[in-house]
Amino acid sequence: MNTTASLPTPDQMSTHNGVEQLHTQVMAFTDEHGIDLFIFSRDGRILDSSVGPDRQPIEQMAALCSALVNYSRGYSTVVNGAGVTRVVTRYGNGSVVLLPISEVVWVGAMVARDQVIHAAHQLTLFTDQVAELVPHDIDQSLQMVPTVLAEKG
């Protein structure tokens, strides 16, 4: 799938079109790779998701993952200041893989433990494809993004 050819430049798209384009990319990723994902801001707001009809657990997951990202970034600053490029948390038979799309927006996926490497690779490619479609600053414009999820519940 070559999704980068159809991506508009930031100058060509309105915020609404960018949201629609992002959602299209999210759903295409899930269809192609069989990995559900969610996109969230550093402050815990959900931007988009391919996951199920129930919005509340997705919002809770975004808030928890935001806390993990912020904790990891804080710890990194104290220890060596190198920054955080990936967060992987393992639990039971699964894992949560988190990667940055921009300085303020991250993507996450819940996958089986034996799929972490594959998922991280695919998510890395995805972040490159959608980087121009996500906000680069946290501001009030993010409040309109979750309307994409309004159909989900």
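Me: Before I look at helix α3, what does it take for a residue to count as buried or exposed?
Reply: A residue is called buried when its relative accessible area is under 20% and exposed when that area is over 50%, with partly exposed in between. This is a predicted model, and in its helix α3 the residues Val-116, Ala-119, Ala-120, Gln-122, Leu-123, Phe-126, Thr-127, Gln-129 and Val-130 are buried. Taking the protein chain as a whole, buried residues make up 45% of its 153 residues.

Me: How do I apply that cut-off to single residues, for instance Thr-127, Cys-65 and Met-27: are they buried or partly exposed?
Reply: One compares the relative accessibility with the 20% limit. Thr-127, which lies in helix α3, has 6% relative accessibility and therefore counts as buried. Cys-65 in helix α2 (residues 55–79) is at 2%, so Cys-65 counts as buried. Met-27, in helix α1, has a relative accessible area of 28% and is therefore partly exposed.

Me: What length should helix α3 have, and what does the model show?
Reply: The reasoning starts from a rise of 1.5 Å a residue, multiplied by one less than the number of residues. For the 15 residues of α3 (residues 116–130) the span should therefore be 21 Å, and the C-alpha atoms at the two ends are indeed 21 Å apart.

Me: How many helices and strands are there, and in what order do they come along the chain?
Reply: The protein chain has 3 helices and 5 strands, and from the N terminus on the elements run α-β-β-α-β-β-β-α.

Me: Which order do the strands take within the sheet?
Reply: The order of strands in a sheet is read across it, from neighbour to neighbour. Here the 5 strands form an open sheet with the order β2-β1-β5-β4-β3 and antiparallel pairing. Its edge strands are β2 (46–49) and β3 (87–91), each of which pairs on one side only, and neighbouring strands are turned against each other by 20 degrees on average, direction ignored.

Me: How many bridges join the paired strands, and which residues stand opposite each other?
Reply: Pairing is followed bridge by bridge. Strand β4 (residues 94–100) and strand β5 (residues 105–112) are joined over 7 bridges in the antiparallel sense, and Val-97 has Ala-109 in β5 as its bridge partner. Between β3 and β4 there are 5 bridges, also antiparallel, with Thr-89 opposite Val-96 of β4. β1 and β2 pair in the antiparallel sense over 3 bridges, where Phe-40 has Ile-46 in β2 as its partner.

Me: What should I look for in the turns of the hairpins?
Reply: One looks at the residues between the two strands and at their backbone angles. The hairpin of β3 and β4 has 2 residues between its strands, and Gly-92 in that turn has a positive phi of about 40 degrees. In the hairpin of β1 and β2 there are 4 residues between the strands, and Gly-44 in the turn has a positive phi of about 95 degrees.

Me: Where does helix α3 lie relative to the strands?
Reply: Helix α3 lies across β1 (37–41), β3, β4 and β5, and runs at about 25 degrees to β4. Two of its residues show contacts in detail, in both cases not counting residues up to four places away in sequence: Thr-127 touches Leu-99, Pro-100, Ile-101 and Val-107, while Phe-126 touches Gln-25, Val-26, Phe-29, Leu-37, Ile-39 and Val-107.

Me: Why would one look for nonpolar cores?
Reply: In soluble globular proteins, nonpolar side chains tend to be buried together. In the largest nonpolar core here, which has 23 residues, Leu-37, Ile-39, Val-107, Leu-123 and Phe-126 touch the most other members. α1 (15–33), β1, β4, β5 and α3 each supply at least two residues of this core, and α3 gives the most, with 6 residues. A second, separate core of 13 residues includes Cys-65, Val-96, Leu-98 and Trp-106.

Me: Which residues does Cys-65 touch?
Reply: Not counting residues up to four places away in sequence, Cys-65 touches Phe-38, Phe-40, Val-96 and Leu-98. The C-alpha atoms of Cys-65 and Gly-44, 21 residues apart along the chain, are separated by 7.5 Å.

Conventions. Residues numbered from 1 in each chain as written. Predicted model: local features only at pLDDT ≥ 70, side-chain atom pairs only at ≥ 80, totals over all residues. Heavy atoms only, no water. Buried < 20%, exposed > 50% of the residue type's maximum accessible area, 1.4 Å probe, protein only. Pairing = 2+ DSSP bridges. Axes fitted to C-alpha atoms, helices over the stretch in contact; angles between N-to-C directions. Contact = heavy atoms within 4.5 Å. Core = buried A, V, L, I, M, F, W, Y, C linked by side-chain atoms within 4.5 Å.
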